[in-house]
Amino acid sequence: MKNYLLLLLLVPSLAAAQTPIPFMLKGRLGSDTYRGKPTYVYLRGGSMSDSALVKNGRFKLKGTVDEPTKAYLTMRRHRDDMSDHKAVFWLELGTLVFTSPDSLRNSQVGGSPLTDAWQELWASHEPVDKQLKALEKERQAATPAQQESPAFRPGLQARRAALLQERTRLDSVFVRAHPTSFISLTVLNPMSRDPKNAALVLALLPTLSPEVFNNPRAKELRRTIRQNALGLKPESKANTALQVGQLAPDFTQTTPDGRSVSLSDYRGKYVLVDFWASWCGPCRAENPNLVKSYHAYKAKNFDVLSVSLDEARDRAKWLKAIEADQLPWTQVAELKGWHSQAATAYSITFIPQNVLVDPTGKIIALNLRGDALPEALARLLK
């Protein structure tokens with residue numbers, strides 16, 4: 001198991017002042033959860049990831065972060081994506097305990113003041129969010145004639161603007177009530193994206209405690225607001241998920257022996273682009289399935305290209321995992337963790353993930369694991 005640490009130091013000169021924050025996660029879930037099946041919990045917070053095997057409903061994870069970080073804990077079996085069984089919380093100093101009679105979806109998180117504050121904020125948003133969802137359903141259900149009405153679209157926009165204004169009011173109430181909480185700082189950041197809120201954010205920042213007000217993120221927020229006021233807005237970077245039928249983004253990465261390999265080198269073949277890492281338990285558990293499929297179909301115009309999300313300091317562990325799992329196909333990596341060019345291009349937010357590409361370079365399937373991969377290959381490569 002391996003932690004990946006996200007350095008969120010927005011002001012480089014303050015790097016020396018940052019002290020790693022140790023945390024521990026403990027789980028006490030119903031002992032019948034996925035009885036008899038290998039089950040993992042997968043932690044993702046910022047660019048840090050870790051995973052652990054659940055044994056008799058118990059698991060434990062520990063590591064450090066550079067600042068409080070919103071995180072997700074997902075439960076998955078080695079063959080099936082169980083991403084709906086998820087807990088959302090904040091990593092912070094101390095021990096966080098997850099308790100549930102069954103799955104993570106119903107778990108309670110103890111020992112996390114930041115999570116308590118975040119849940120309070122989320123609860124205050126709930127009535128407004130429900131109305132926003134209802135408004136979107138109304139828009140989608142409208143007939144073409146209704147949508148062409150001169151009053152229809154402006155009316156929806158006005159109602160939506162009023163709801164967003166109410167959510168901003170709720171956020172400002174929360175910030176004033178929680179001046180010492182890091183959550184207040186995370187509330188102000190998205191609030192500031194609307195130029196109309198700039199003055200409100202600048203007024204709320206001084207109400208924060210000195211520790212929060214002097215956080216590098218608060219300083220960066222003030223700098224960004226000043227930039228926006230001058231019209232120096234940073235470029236937005238859209239990151240949309242890939243879909244079946246799209247042309248697979250090309251990328252070039254390096255093999256362990258230093259050879260450059262591009263996805264376009266595989267034109268004319270069916271190729272499975274597999275995203276994994278040596279520290280990822282579910283990835284390692286899935287590797288035997290990939291090996292079996294590879295040997296069964298490698299003579300039928302099929303290949304695998306594995307992209308590792310390991311980091312440079314873990315190069316030896318990456319190579320050891322390749323050897324231990326006996327992976328015979330091409331392995332590449334930038335060794336930049338989650339900042340890999342390919343991971344960004346493919347909108348990778350968790351692993352294992354894979355993309356099946358046809359001989360023309362188009363995506364024809366996503367996340368084929370367990371029996372799903374050989375079943376798909378049997379249909380394609382008769």
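The paragraphs below go through a predicted model, from the whole chain to its largest pocket, its largest nonpolar core and a few single residues.

The protein has 382 residues, and 47% of them count as buried. Its secondary structure consists of eleven helices and 15 strands. Many of the contacts span long stretches of sequence: of those between residues at least 6 apart, 69% join residues at least 24 apart. On the outside, the accessible surface comes to about 19700 Å², and carbon and sulfur atoms account for 53% of that area.

Next comes the space between the atoms. Rolling a probe the size of a water molecule over the atoms shows where empty space is left. In this model the largest pocket holds about 1000 Å³ of space. Its lining is made up of 36 residues, and those nearest the centre of the pocket are T186, V187, P190, M191 and R193. Four elements each supply at least two residues of the lining, namely β5 (69–77), α1 (113–141), α3 (152–177) and α4 (182–191). Helix α3 gives the most, with nine residues. Sorted by class, the lining has 16 nonpolar, nine polar and eleven charged residues.

M191, one of the residues nearest the centre of the pocket, is also in contact with N197. N197 is found in the loop between α4 and α5 (198–204). Beyond its neighbours within four places in sequence, N197 has contacts with T168 and M191. Is N197 buried or exposed? The relative accessibility of N197 is 13%, so this loop residue counts as buried, the cut-off being under 20%.

The largest nonpolar core is a separate topic. This core has 51 residues, and F302, Y346 and I351 have the most contacts inside it. Strand β11 (residues 270–276) provides the largest share of the core, six residues. What does I351 touch, once neighbours within four places in sequence are left aside? The contacts of I351 are Y42, R76, F275, W276, A277, W279, C280, C283, L309 and W338.

Two residues next in number to members of this core have unusual backbone angles for their type. N301 is not a glycine, yet its phi is positive, at about 70°. The position of N301 is in the loop between α8 (281–297) and β12 (302–308). With a relative accessible area of 32%, N301 is partly exposed. S347 likewise has a positive phi, about 55°, and is not a glycine either. S347 sits in the loop between α10 (341–345) and β14 (353–357). S347 counts as buried because its relative accessibility is 13%, which falls under the 20% limit.

The last stop is V332, in strand β13 (residues 330–333). V332 has a relative accessible area of 0% and is therefore buried. Which residues touch V332, apart from those up to four places away in sequence? They are Q253, T254, T255, V261, L305, S306, V307, S308 and W318. Among them, L305, S306, V307 and S308 fall within the range of β12 (302–308). V332 and D257 are 75 residues apart along the chain, and their C-alpha atoms are separated by 9.6 Å.

Terms used. Residues are numbered from 1 along each chain as its sequence is written. This is a predicted model: local features need pLDDT of at least 70, side-chain atom pairs count only at pLDDT 80 or more; totals for chains, interfaces and linings use all residues. Side-chain values use heavy atoms; hydrogens and water are left out. On a 1 Å grid over the protein atoms alone, a cavity is a set of points where a 1.4 Å probe fits but cannot get out, and a pocket is an open set with protein on both sides within 12 Å along at least five of seven lines; lining residues have an atom within 4 Å of a point. Grid points are joined across faces, edges and corners, and a volume is the space filled by probe spheres set on the points. Ala, Val, Leu, Ile, Met, Phe, Trp, Tyr, Cys and Pro count as nonpolar, Asp, Glu, Lys and Arg as charged, and the others, Gly among them, as polar. Buried means under 20% relative accessible area, exposed over 50%, partly exposed in between (1.4 Å probe, protein chains only). Contact means heavy atoms within 4.5 Å. Accessible areas come from the Shrake-Rupley method with a 1.4 Å probe; for residues, only the protein chains shown count as cover. A nonpolar core is a set of buried Ala, Val, Leu, Ile, Met, Phe, Trp, Tyr and Cys residues joined through side-chain atoms within 4.5 Å.
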